[in-house]
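Here are a few exercises to work through with the model open beside you. Try each task before you read its solution.

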Amino acid sequence: MYYYTKEWYLRSKCTGLYLNLQSCTEEEARSAEYYEKQLAIFAEEIRFECEQIKNTSYDVFAEDRTEPEELLREEFNRRIAENNPDEADFIAAKRLSERIAAVKLALPGEILAEIPDIRIFALNRADNKTAELITSYAEECRRFMQETDFRFEEEYPARTEPIPDELWEEYGFAGGRIKKILRKGRDITMIIDNAGSGSDVTAMHINDADVERLDDGLEDSLWIANEMYLTNGEYELCALCRKGEAFPEFILHSKDISFEFDR
């Protein structure tokens with residue numbers, strides 16, 4: 001039984017979608033003039049944010065950080081370059097585009113069809129009708145998430161034998177990526193880009209594997225969630241990934257799993 005699915009991931013993005021919404025009239029919710037006004041306000045907020053970043057010294061930025069200075073300098077310089085106040089309008093348009101794409105991906109079509117202007121909604125403005133619709137769906141999503149977690153916590157112990165700590169602690173790279181999948185007979189190796197995952201694993205070997213599911217598009221996909229089970233000495237590895245608007249998954253069975261590290 002597999003719990004953490006595409007539906008789980010998309011609904012997780014909607015549980016707080018209503019929290020930042022500010023009220024506007026029905027006329028404003030579909031007005032091009034109102035959109036331009038709100039976009040200008042958004043750009044001005046970003047300009048102020050960029051000014052704050054620009055005026056932050058390296059010493060303040062690096063305070064209490066433990067990374068090597070070379071990496072900190074590189075991150076600091078990139079942060080300054082990516083937050084140029086003179087490019088606030090461009091940054092605002094880019095962020096708005098990303099917000100619109102995220103909303104379109106997360107919300108079902110029947111709700112999207114009820115939003116008068118997705119651009120205004122993505123700028124956190126909504127008329128009462130839209131706000132009520134989004135709030136109702138957010139509550140539905142929250143219940144779904146709670147039920148999923150409850151079901152997992154209830155059924156997981158009954159389904160799996162104790163998994164060795166050294167294996168359980170290494171498996172799972174949420175925030176990282178699957179760079180490449182290599183297959184040789186029944187042996188599968190996943191090359192992992194662990195940046196952003198908190199893991200130091202660079203490769204996972206699943207030897208003599210039975211493949212229940214191994215979707216196309218897993219290479220260069222973002223690792224979102226995973227599960228592991230152990231039954232009669234055989235491990236079942238499951239993971240949900242994302243690549244653009246696709247959500248490839250894998251379910252693999254093996255008695256022999258090992259890792260490589262960049263320690």
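**Exercise 1. Two asparagines with positive phi**

Task: Is asparagine 232 buried or exposed, and where does asparagine 232 lie?

Solution: Start with the surface. Asparagine 232 is exposed, with a relative accessible area of 65%; here buried means under 20% relative accessible area, exposed over 50%, and partly exposed in between, using a 1.4 Å probe on protein chains only. Next, the place: asparagine 232 lies in the loop between strand 7 (221-231) and strand 8. Helices (H or I, at least four residues) and strands (E, at least two) are DSSP runs, numbered from the N terminus. Then look at the backbone: the phi of asparagine 232 is positive, about 55°, although the residue is not a glycine. Strand 7 and strand 8 form a hairpin with 2 residues between the strands, and asparagine 232 takes its positive phi there.

Before going on, a word on the source: this is a predicted model, in which local features need pLDDT of at least 70 and side-chain atom pairs count only at pLDDT 80 or more, while totals for chains, interfaces and linings use all residues. Residues are numbered from 1 along each chain as its sequence is written, and side-chain values use heavy atoms, with hydrogens and water left out.

Now apply the steps to asparagine 124. Its place is in the loop between helix 7 and strand 2 (125-126). Phi of asparagine 124 is near 65°, again a positive value in a residue other than glycine. Asparagine 124 is partly exposed, at a relative accessible area of 23%.

**Exercise 2. Tracing the sheet**

Task: In what order do the 8 strands of the open sheet stand, and which are the edge strands?

Solution: Write down the order: 6-9-8-7-3-4-5-10, with antiparallel pairing. Two strands pair if DSSP finds at least two bridges between them. The edges are strand 6 (210-214) and strand 10 (256-261), each of which pairs on one side only. On average, neighbouring strands of this sheet are turned by 20° against each other, direction ignored. Helix 8 packs on the sheet, touching strand 7 and strand 8, and its direction makes about 50° with that of strand 7. For such angles, axes are lines fitted to C-alpha atoms, for helices over the stretch in contact, and angles run from 0 to 180 degrees between N-to-C directions.

Now walk through some of the pairs:

- Strand 6 and strand 9 (residues 249-254) are joined by 4 bridges; valine 211 has leucine 252 in strand 9 as its bridge partner.
- Strand 8 and strand 9 share 6 bridges, and tyrosine 235 stands opposite serine 254 in strand 9. Their hairpin has 6 residues between the strands, with glycine 244 in the turn at a positive phi of about 65°.
- Strand 7 and strand 8 are linked by 9 bridges; tryptophan 223 is partnered by cysteine 241 in strand 8.
- Strand 3 (residues 177-184) and strand 4 (residues 187-193) pair over 7 bridges.

Finish with isoleucine 178. Its bridge partner in strand 4 is isoleucine 192, and its bridge partner in strand 7 is serine 221.

**Exercise 3. What helix 5 packs against**

Task: Which residues of helix 5 are buried, and which elements do they pack against?

Solution: First the geometry. Helix 5 (residues 88-106) has 19 residues and reaches 27 Å from its first C-alpha to its last, close to the 27 Å expected at 1.5 Å a residue; the expected span is 1.5 Å times one less than the number of residues. Its buried residues are Ala88, Ile91, Ala92, Leu96, Ile100, Val103, Leu105 and Ala106. An α-helix has 3.6 residues a turn, so residues three or four places apart point the same way. The packing partners of these buried residues include helix 1 (6-12), helix 2 (32-54), helix 8 (128-159) and strand 8 (234-242), where contact means heavy atoms within 4.5 Å. Strand 8 is itself mostly covered, with 7 of its 9 residues buried.

**Exercise 4. The whole chain**

Task: How many helices and strands does the protein chain have?

Solution: Count 9 helices and 10 strands. Then add the burial: of the 263 residues, 41% count as buried. Last, the box filled by the C-alpha atoms is roughly 65 × 50 × 30 Å, taken along the principal axes.
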